Amino acid sequence: MLKTIIIDKNNNSKDLISSYLNEMEEISLIGAFGDFSQFEVELSNIDLIIFDIDSNTFSEKIKKIRAIKEKNKNINFIALSYEINSELVSKVLKEDIKDFLLKPILPNILQASVKKIESSKNQVTQSDANTICIYSPKAASGKTSLALNLAYQLSRETKDKVCLLDLNFKTADIEAFLGVEAKNSFIETINSIEKKDEKGTLALAQKYQDSLYVLSFRESDFNFRIKPQDVQKLINILKNIFQYIIIDTNSEMDETTVSILNNSDIILFITMLNLVSIRNSQKCYQMFEQLGYSKSKVKLIVNRYIENSEISLQDGAKTIGREVFATIPNNYLTLVDAINLGRTVIETNPQSNIAKAYKEICAKILNIDFLNLKDSKNPTYNHGIFNLLRRMGE
């Protein structure tokens, strides 16, 4: 669904276009305004702007469009005009405007143009889906474990630079899990990162190993909140350096979390097979639909999965109304063992069922055969308190 704004100084034309768009399933109409200066909407939430233009207003409106693109390069534009002027059409389309339609607009023409944009928006290939957010409405749901193991495996499989981005300021679990320490606060980072080249940006993060970098933030204020526009700015900068960005979030659904979800190509949504989690999942998917997310963007992950549980995987998926993308088995001891060692499960116990589940999720993201995944060359550790005590004494 395309979140859309109309800009048209002609009220009759504006109302007519609004009526056409309201009949389209592909459109979520956010508002209709007479001029670009009249709307105050978070641009990260907008997919499409339909605007009127003519030769007299070309320079002014193109200047405003360029400014909007600097804030959100993913916004699409459709130009409308009464002018049948080849020079105007050529100048508009050179600005990467998706379409130029003549007024008065016919509903089928507008619908065809919108569907073309909607189709291109939903055709996210695996190679393009490089910003992956891990989200769950429930705390302690396994978000961080999935984030760090997926990031680790992606870096091993692709050899590309991978950023594990910790935007969960309440717990900073990634630092504890991997034994890394943040260098700067978020404000310090966002104020300096635009001025840095690739080498300077990489220096802001902690290199875990090979091509995996961890970017976390040292915050003394437990209630610290980041601005949605800063989220978008940070992710856009990181996209120019990293092939994959794996984001760990908090469970609170505030404007910051929505901005993170909006700026992600894929959302790995974690739930569990119990009544409370399933009901929360239903509510979340309703919200995702309101936000205009396609079904291909949100992938359902069932964590702590136990076969033959009271609620079956099929019943849980049917109640939520979504197919299950992957399951992660309930293997608490192996997971805790890795945490105590400050490593990923894939490193400490690569043959465990939970490590294989993380690898399989990576394979699905990369669209490759799970059997072709690389085996870890790290030693296998057996879980248990005696082994933990032994390693502490080494």
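Which residues of H10 are buried? I began my notebook with this helix, keeping in mind that I am reading a predicted model.

**Entry 1: helix H10**

I looked up the buried residues of H10 and found Thr256, Thr257, Val258, Ser259, Ile260, Leu261 and Asn262. Seven of the eight residues of this helix are buried, so I noted H10 as largely enclosed by the rest of the structure. I then looked up what surrounds these residues, and found that the buried residues of H10 pack against S6, helix H9 (228-239), S10, S11 and helix H11 (275-290). The helix itself spans residues 255-262 and lies across S6, S10 and strand S11 (266-271), running at about 140 degrees to S6.

**Entry 2: the sheet**

Since H10 lies across several strands, I turned to the sheet next. I wrote down an open sheet formed by eight strands, in the order S8-S9-S7-S10-S6-S11-S12-S13, with mixed pairing. At its edges I found strand S8 (206-209) and strand S13 (324-329), each of which pairs on one side only. From one strand to the next, the twist averages 25 degrees.

I followed the pairing of S6 with S10, that is, of residues 131-135 with residues 244-248, and found it parallel, over four bridges. Within this pair, Cys133 has Ile247 in S10 as its bridge partner.

At the S8 edge I found an antiparallel pairing, in which S8 and strand S9 (residues 212-215) are joined over three bridges. Here Gln209 has Leu212 in S9 as its bridge partner. The two strands form a hairpin with two residues between them, and in this hairpin Asp210 takes a positive phi near 50 degrees.

**Entry 3: strand S7**

How many of the five residues of strand S7 (residues 162-166) are buried? I found that five of the five are, so this strand, like H10, is largely enclosed by the rest of the structure. Val162, Leu164 and Asp166 point one way from S7, while Cys163 and Leu165 point the other way, and all of them are buried.

I also looked up the strands that S7 pairs with. S7 and S9 run parallel and are joined by four bridges, with Tyr213 in S9 as the bridge partner of Cys163. S7 and S10 also pair in the parallel sense, over five bridges, and there Leu165 stands opposite Ile247 of S10.

**Entry 4: Leu165 and the nonpolar cores**

Leu165 came up again when I looked up the largest nonpolar core, which has 41 residues; the members that touch the most others are Leu165, Leu167, Phe186, Leu215, Leu234, Leu238 and Phe288. Leaving aside its neighbours within four places in sequence, Leu165 is in contact with Leu215, Phe217, Leu234, Leu238, Ile245, Ile246, Ile247 and Asp248. Apart from this core I found another, made of 38 residues, including Leu146, Ile270, Ile301 and Ala355.

**Entry 5: helices H5 and H15**

Two packed helices are described by the angle between their axes and the distance between the axes. I looked up both values for helix H5 (residues 143-158) and helix H15 (residues 353-366), and found an angle of about 60 degrees and axes 9 Å apart. H5 and H15 are therefore oblique to each other, and I noted their crossing as right-handed. On the H5 side the residues that meet H15 are Ser145, Leu146, Asn149, Leu150, Gln153, Leu154, Glu157 and Thr158, and on the H15 side they are Tyr358, Lys359, Ile361, Cys362 and Leu366.

**Entry 6: Asp52 and Ser13**

Is Asp52 buried or exposed? I located Asp52 in strand S3 (residues 48-52), and at 3% relative accessibility it counts as buried, because the cut-off is under 20%. Beyond its neighbours within four places in sequence, Asp52 is in contact with Ile7, Asp8, Lys9, Lys61, Leu80 and Lys103.

I then looked up Ser13, which is found in helix H1 (residues 11-22). At 9% relative accessibility, Ser13 also counts as buried. With its neighbours within four places in sequence left aside, Ser13 is in contact with Asp8 and Lys103, two residues that I had already listed among the contacts of Asp52. Lastly, I noted that Ser13 and Pro104 are 91 residues apart in sequence, and that their C-alpha atoms are 7.8 Å apart in space.

Conventions. Residues numbered from 1 in each chain as written. Predicted model: local features only at pLDDT ≥ 70, side-chain atom pairs only at ≥ 80, totals over all residues. Heavy atoms only, no water. Core = buried A, V, L, I, M, F, W, Y, C linked by side-chain atoms within 4.5 Å. Buried < 20%, exposed > 50% of the residue type's maximum accessible area, 1.4 Å probe, protein only. Contact = heavy atoms within 4.5 Å. Pairing = 2+ DSSP bridges. Axes fitted to C-alpha atoms, helices over the stretch in contact; angles between N-to-C directions. Parallel < 35°, antiparallel > 145°, perpendicular 65-115°, else oblique. Left-handed = near helix turned anticlockwise from the far one by under 90°.
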